[in-house]
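Colleague: I'm new to this one, so please put it up and let's go through it piece by piece.

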Amino acid sequence: MRLATERIAPVYSTPGLHANAHAAQTVVRRDGLTHRTILVATDGSAESRAATAIASVLARQRHAHVVAMRAFDYGAPITHSDVVITPWMNESDALEISRHLLRAELRRDIGEVGDWDVRAVAGRPAHAVAAEANALDAALIVMGLRRARQWGGVIRHDTALRLLGEVRVPVLATTGALAEAPRRIVLGTDFSASSIRAARVALSVIADQGTLVLAFVQPSPD
């Protein structure tokens, strides 16, 4: 892993940070995911398949435990045929079928779910994922980020935004273009305690030969 401080206009690297790079790497450790729990939330989309691939890579690298989950929202219209709700089917039946299908889907996509804890829970996705992450004391949530929807003229990622508002667990979201540990991460920093925590998370997910770029925005004189 390399700690880079190159200039990226109009964002500027911090003066003298190269001299303190070794110290920064010592303070910002990479063990945040080691032997911890990674929660990957999937809805079967292409973006979610990329998220499960990332979770698989990180789990191998950090010896982490993976919990894969799918939230089944009874209040939402069913737009796929994975689970068919019949008048005589109860909630536990539907969730068990959903869990079985999720395991088969994961086995098809990444082929190594023997040690994974596969779950299906009832509830709206953001709330269900947040509750599961909090209950598990997860170190990281990995999820797919679908194409943003436009609502009232505003582009929004509803599930991701709602999830971020309900958890303190770091969230790694991918659009599908990323299906492995990221090799280059740009970290916006103001050198606060929260920035240090963000750097630790970034170091825990970056590839072994990846580059972490620390970017500092010079405050405007105004």
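Colleague: Where does Thr-42 lie?

Modeller: Thr-42 lies in the loop that runs between strand 2 (37-41) and helix 2 (46-62); helices (H or I, at least four residues) and strands (E, at least two) are DSSP runs numbered from the N terminus. Please keep in mind that this is a predicted model, in which local features need pLDDT of at least 70 and side-chain atom pairs count only at pLDDT 80 or more, whereas totals for chains, interfaces and linings use all residues. Residues are numbered from 1 along each chain as its sequence is written, and side-chain values use heavy atoms, with hydrogens and water left out.

Colleague: Is Thr-42 buried or exposed?

Modeller: Thr-42 counts as buried, because its relative accessibility is 5%, and buried here means under 20% relative accessible area, with exposed being over 50% and partly exposed in between (1.4 Å probe, protein chains only).

Colleague: And what does Thr-42 touch?

Modeller: Not counting residues up to four places away in sequence, Thr-42 touches Ser-48, Thr-52, Met-69, Arg-70, Leu-102 and Glu-105, where a contact means heavy atoms within 4.5 Å. In addition, the side chain of Thr-42 reaches the backbone nitrogen of Gly-44 at 3.2 Å.

Colleague: Stepping back, how many helices and strands are there?

Modeller: The protein chain has 6 helices and 10 strands. Of its 222 residues, 40% are buried, and among the contacts with a separation of 6 or more, 75% are between residues 24 or more positions apart.

Colleague: Let's pick a helix. What distance separates the end C-alpha atoms of helix 6?

Modeller: They are 19 Å apart, which agrees with the 18 Å that the 13 residues of helix 6 (residues 193-205) should span at 1.5 Å a residue; the expected span is taken as 1.5 Å times one less than the number of residues.

Colleague: Which residues of helix 6 are buried, and what do they pack against?

Modeller: The buried ones are Ser-195, Ala-199, Ala-202, Leu-203, Ser-204 and Val-205. These buried residues of helix 6 pack against helix 2, strand 5 (140-144), strand 9 (184-188) and strand 10 (211-215).

Colleague: Changing topic, how many salt bridges does a search of the whole structure find?

Modeller: The search finds 7, a salt bridge being a side-chain nitrogen of Lys or Arg within 4 Å of a carboxyl oxygen of Asp or Glu. One of them joins the side chains of Arg-62 and Asp-208 at 3.9 Å, N to O. Since Arg-62 lies in helix 2 and Asp-208 in the loop between helix 6 and strand 10, this pair ties together parts that are 146 residues apart in sequence. Arg-62 is buried, with a relative accessible area of 7%, while Asp-208 counts as partly exposed at 41%.

Colleague: What about Glu-96 and Arg-99, how many residues apart are they in helix 3?

Modeller: They are 3 residues apart in helix 3 (residues 91-109), so about one helical turn separates them, and their side chains meet in a salt bridge at 2.8 Å, N to O. Glu-96 is partly exposed at 41% relative accessible area, and Arg-99 is partly exposed at 27%.

Colleague: Which side chain meets that of Glu-132 in a salt bridge?

Modeller: That is Arg-119, at 2.5 Å, N to O. The pair links distant parts of the chain, with Glu-132 in helix 4 (residues 125-136) and Arg-119 in strand 4 (residues 117-122), 13 residues apart. Salt bridges that share partners join Asp-117, Arg-119 and Glu-132 into one network.

Colleague: Over to the strands, then. Which side chains of strand 8 are buried?

Modeller: Along strand 8 (residues 171-174) the side chains alternate, so that Leu-172 and Thr-174 point to one face and are buried, while Val-171 and Ala-173 point to the other and are not. Strand 8 runs parallel to strand 5, and 4 bridges join the two; strands pair if DSSP finds at least two bridges between them. Thr-174 in strand 8 is the bridge partner of Gly-144.

Colleague: Last one: where is Ala-179 found?

Modeller: Ala-179 is in the loop between strand 8 and strand 9, and it is partly exposed, with a relative accessible area of 39%. Leaving aside neighbours within four places in sequence, Ala-179 is in contact with Ala-50, Ala-53 and Ile-54. From C-alpha to C-alpha, Ala-179 and Ser-56 are 9.7 Å apart in space, although 123 residues apart in sequence.

Methods. A polar contact is a pair of N or O atoms within 3.5 Å; within protein, one must be able to donate a hydrogen and the other to accept it, and residues adjacent in sequence count only if both atoms are side-chain atoms.
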